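User: Could you walk me through this model and say what lies behind each label you use?

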Amino acid sequence: MLTTLLIFFPLAAALLIFALRSKQSHALAFGAACIELLISAVVVYQFKTGDAENLRANFQWIERIGLSYYVDIDGISLLLVLLTTVLVPFIILSSFGKSFSKPSTFYGLILVMQMALIGVFVAQDGLLFYLFWEIALIPIYFICLIWGGENRGKITFKFFMYTLAGSLLMLIALIYLYLHTPGVHSFDVEALYAAGQGLSGGEQGFIFWFLFAAFAVKMPVFPFHTWQPDTYTVAPTQGTMLLSGIMLKMGIYGVIRWLVPVVPFGVITWGYTAILISVIGIIYASCIAIVQKDFKRLIAYSSIAHVGLIAAGLFTLTATGIQGAMIQMISHGIVVVGMFFIIDIVFDRTKTTALADLGGIRNVAPKLATVFVITLLGSVALPLTSGFIGEFLLISSIFQYRAWLGALAGLTIILGAVYMLRTFQKSMSGDTNTLTASVTDLTWNEKAVLYPIVVLIILIGIYPAPILSISEPAVAKLLELYSPLTAIR
Amino acid sequence: MVSIKFLALIIPVLPLVGFLLVALNVKRLSHSAASFIACGSVFLAFIAAVTLFIRLLNQPEDARTFYVHAFNWIIAGDFHSTMGFLIDPLSSIFLLIITGVGFLIHVYSIGYMHDDAGFNRFFSYLNLFVFFMLLLVMGTNYLVMFIGWEGVGLCSYLLIGFWFKNQAYNDAANKAFIMNRIGDLGLLLGIFLVFINFGSVNYADMIIQAPQASPETITWITILLFIGAMGKSAQIPLYTWLPDAMAGPTPVSALIHAATMVTAGIYMVARNNVLYTLSPIAMNLVMIVGLATALFAATIALKQNDIKKVLAYSTVSQLGLMFLALGLGAFTAGIFHMATHAFFKALLFLGAGSVIHALSGEQDMRSMGGLRKYLPITFATFLIGVLAISGIPPFAGFFSKDEILANAFAHNPIVWGIALLASLLTVFYMFRLLYLTFFGDVRASQHVMSHIHESPKSITVPLICLAVLSVVGGFMGVPEALGGSHWLSEYLSPVFAQSVEIVKQRGEEHAHLTHATEYMLMGIVIGLTVLVIIIVYLKYVRKKHVPVADAQLAGPAKILANKYYIDELYNAIIVKPLYWLSNVLDVFVERMGIDFIVNIFGSSVPEGGKITRLTQTGSIGYYIFLMVIGIVLIVTYTLIG
């Protein structure tokens, strides 16, 4: 029941906001997001006190096609739900003080998006998962299309078609699995697991690639990423935050829930290839980030590099790797939302994101610069920031898998420093110019977003145990499947 | 009586609290309040370190190791790392130096930075640095050390680029951070290997399990860890960031880039002495890199004219000597030289800072000269520093350097010869520096000389304290040959006992040098040192030689003045190719490759539609024609099929 409330409360709030068309839509949306945060806090309480049964709901929906409304929350789901419920209020708050045309639509769509994201993270039915997955695309498409920047029509269309194409591959894979479920066909997660695990090695390989392609497009992992830099750049900041902070985790979550346990032989056969592609992607995206001239585009590429590391760590199929992926998803979400907001603030004051035109902002906006430094440190994984925990565990797991791949993936700590320090130097250090001389420091709502973010970055870096312990049992359970198979590897 | 656990926890927490208090109130605090908090927190940490040290001394010799558990930090899968501290003779020595010398430099900074707008920010960074440095040497496992390791790198970055309006300084800061990160990756991979092979990242587990590990594994671990040391302690090939790091305010150069942070590599190798001793290959590598760096950097220092650059290359060279000692298995000698070097190099840097301060920011020695009359305290203390680094008895450097040279001789006279050459070069460039700065004619402009003044007390008192330490510091390790008992060696012996045992079992112990040999070596070294001093005196004082402008240099001198063009080399073989590759990937692979293909897929749909549209002509005759063809084809197919 609680889980259902968690999914549909944002939708109800969104419908209300659509209906009211109030000038105070932003405040309403923020209030709704805060209530949603409280609901998720209750969920955490239930989860911790062992009342996990209460979080499950399962009843038939459309019996003829084996679709049921089946939702549940385990540790892996819970972390992503929390990421969503924590970030959305900040994302809404970050838009305060800006005027949008049709504000009720804008904020309503953000809440619809939240509904779909949470649905994706809690669905235990393959088709239900697919439904939420596709629903999530619709609000973000309109957010980008209506409130985006220059050339948005073409770019958002490409984004929409690209991810839709990926999703269709997933749908095909899901239907194939459905047709192989034992007994009465169903999309129930256990049934799909049983179906996938019963497939021959070759079939599992096909399913692996169909699912992987869908998830890889969403994350995005090299070479399925070319929709991303343009979309991140053109989307309104809140859209970019939703895309990078939360939506890309759908792809990673998809791998953990809907790929790794479904086709174990496929994963063992092709995992090495997936890791290889991901590691190439890390270096590839980092190199491209080095020569980017636009602040926002640079962070977009850095995001591809970070996600590549997460994907590579995941496919090592070790507890360290998957736990690293979990905490890195949280960290990346927080860091990247902070980073895009900083870019937004800079753009708001100077009307540019071209690094060559910036500089010297530290002189006039020291608070902004300090917040940027801490966020940057989270991004380059300095110890005692959240980024370190994840990157350490991930690189460590890849290193254990193949030492040379770990060493290559580890280049991210050098290349990350190269492009992030360069960005800081170009934008914040040096002397002010005509554009930056009048930059004002953080306003109240900017502080209200960025201060908690930097506190979280440091807090998680110092004491990650609460987060790691939430997902630990679920990850261990996931890997049980592989313990008899490790001999084959 | 406070417990050791309490002391161990309070030592790093104090500067952290200092940092938070100052950093969160940068705008609100007055300069005096900020400096009081910053200096006070480090001073309290120093008191705690001294108390801890005394507590250790009161313990029996084999019971001076304490593990202090704070909390569980990272637990994921089978990986486990606590946040905890290791207190033993090795870390206690570092604690004393970090907090003691750190405190003096904090006090010095009050005077040196007094009219800087970023005064409070400066002190917050200094406190943060001390915190991370303490974590580095106190960590109970590799990961806590790594926190400190990267943390001091961050502070170094922040302080090198402290005057951030100057983009050249920011470049230097970036270079330092990135080059250190290259080393850090090596260190990180080494830590992974430690974990994979020993199932833990604790030093205690490593020490127990190391003898059972395969030699190849140990060699890999030690070499990877050493790559980290090369970065942090500025050894070939990762040393070029350190001279550039002189962009930071002078107290930073003294604290971070001479006395403490750059000795992190020394600490790390000493902490892992068991692993290194188990890998003769790694030991040889450490020795060769140390020796090569000692000589190489000393030659560069000969032709530098920026007073801080000379000292920077000198630091690189002295660190090389320390690594030489470690590579020879003379771990105590390495730590000993680290300690004395912390005293006299901090003194020299602070002295140079006092000169720079007096000359309104001038750093070029060609515009100095004759300053001993104007800056008597600075001169006297600086002279002590120069005598100490040159190894004149009984100053601190004599004993520590002598111990390294004696060990080198016992290992191989050629190694001794090269090390001796490096230390004679040190004598040369240090006296050159001394004479150019304090002797001869005054070459500063009238305008500068009209402002000249001896530095305030907050600057001269730390100088005097460090000068005293540079005089007496060597007595903690007076060798037997000179009637001493080498207290430091005794004190540190539990830390290195296992290594000594391993060497003994292998039967590779060096024969002890006879006292006669030791006297002879000392005699040769001192004799040559005096000779070099005389040569330098004749050249720079008698003949009043002043280095010519860089443009007029030719031949080897030009190569030295340009630091062997190593920066240019790295630029050509690493930086430029990286940018070239990145541009190629961006333009050709990303935009004209992958995205182009994606767009072809995209545009193939409307393009395909345009082609198929052509079949829809609207003419009925044409449709009937196609229909007939279709029917014929179907009939044919069914007949044949």
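Analyst: Here is a run through the chains, some helices, the interface and a few odd residues. This is a predicted model, where local features need pLDDT of at least 70, side-chain atom pairs count only at pLDDT 80 or more, and totals for chains, interfaces and linings use all residues. Residues are numbered from 1 along each chain as its sequence is written, while chains are lettered from A and ligands numbered from 1 in the order in which they are written.

User: What makes the radius of gyration of chain A agree with a compact globule?

Analyst: The radius is taken over C-alpha atoms, and the globule rule is 2.2 Å times the number of residues to the power 0.38. For 489 residues that gives a value near 23 Å, and chain A has 21 Å, so the two agree. Along the principal axes, the C-alpha atoms of chain A fill a box of roughly 70 × 55 × 45 Å.

User: How many helices and strands does chain A have, and what counts as one?

Analyst: Chain A has 19 helices and two strands. Both are DSSP runs numbered from the N terminus: helices are H or I with at least four residues, strands are E with at least two. Chain B has 25 helices and two strands, and its C-alpha atoms fill a box of roughly 115 × 65 × 55 Å along the principal axes.

User: How do you know that B:Val194 counts as buried?

Analyst: A residue is buried if 20 or more other C-beta atoms lie within 10 Å of its own, exposed if 12 or fewer, and partly exposed in between, with C-beta atoms placed from the backbone. B:Val194 has 28 C-beta neighbours inside 10 Å, so the buried label applies. B:Val194 is in helix α6 of chain B. By that rule, buried residues make up 63% of the 489 residues in chain A and 54% of the 641 residues in chain B.

User: What is B:Val194 in contact with, leaving aside its neighbours within four places in sequence?

Analyst: B:Tyr142, B:Val201, B:Met206 and B:Ile221. Contact means that the C-beta atoms of two residues, placed from the backbone, lie within 7 Å. In chain B, 80% of the contacts between residues at least 6 apart in sequence join residues at least 24 apart.

User: Why does the span of helix α19 of chain A agree with what is expected?

Analyst: The expected span is 1.5 Å times one less than the number of residues. Helix α19 of chain A (residues 465–480) has 16 residues and should therefore span 22 Å; its end C-alpha atoms are 22 Å apart, which agrees. Helix α6 of chain A (residues 152–179) has 28 residues and reaches 40 Å, close to the 40 Å expected.

User: Where does α19 of chain A bend, and what is meant by a bend?

Analyst: The bend at a residue is the angle between axes fitted to the seven residues ending there and the seven starting there. For α19(A) that angle is about 40° at A:Glu472, and the proline A:Pro473 follows within four residues. Its buried residues include A:Ile467, A:Ile470, A:Ser471 and A:Ala474. Among the elements covering the buried residues of α19(A) are α3 and α13 of chain A and β1 of chain B.

User: How many residues does each chain bring to the contact between A and B?

Analyst: Chain B gives 40 residues and chain A gives 40 residues. On the side of chain B that touches chain A, α6(B) gives the most, with 14 residues. That side has 22 nonpolar, 10 polar and eight charged residues. Here Ala, Val, Leu, Ile, Met, Phe, Trp, Tyr, Cys and Pro count as nonpolar, Asp, Glu, Lys and Arg as charged, and the others, Gly among them, as polar.

User: What makes A:Ala381 and B:Lys563 stand out in phi?

Analyst: Phi of A:Ala381 is near 60°, a positive value in a residue other than glycine. A:Ala381 sits in the loop between α15 and α16 of chain A, and with 27 other C-beta atoms within 10 Å it is buried. Phi of B:Lys563, also positive, is near 55°. B:Lys563 has 20 other C-beta atoms within 10 Å, so it is buried.

User: Which peptide bonds are cis?

Analyst: One of them runs from A:Met219 to A:Pro220, with omega near -10°, and another from B:Pro393 to B:Pro394, with omega near 5°. A:Pro220 is in the loop between α8 and α9 of chain A, and B:Pro394 is in the loop between α16 and α17 of chain B.
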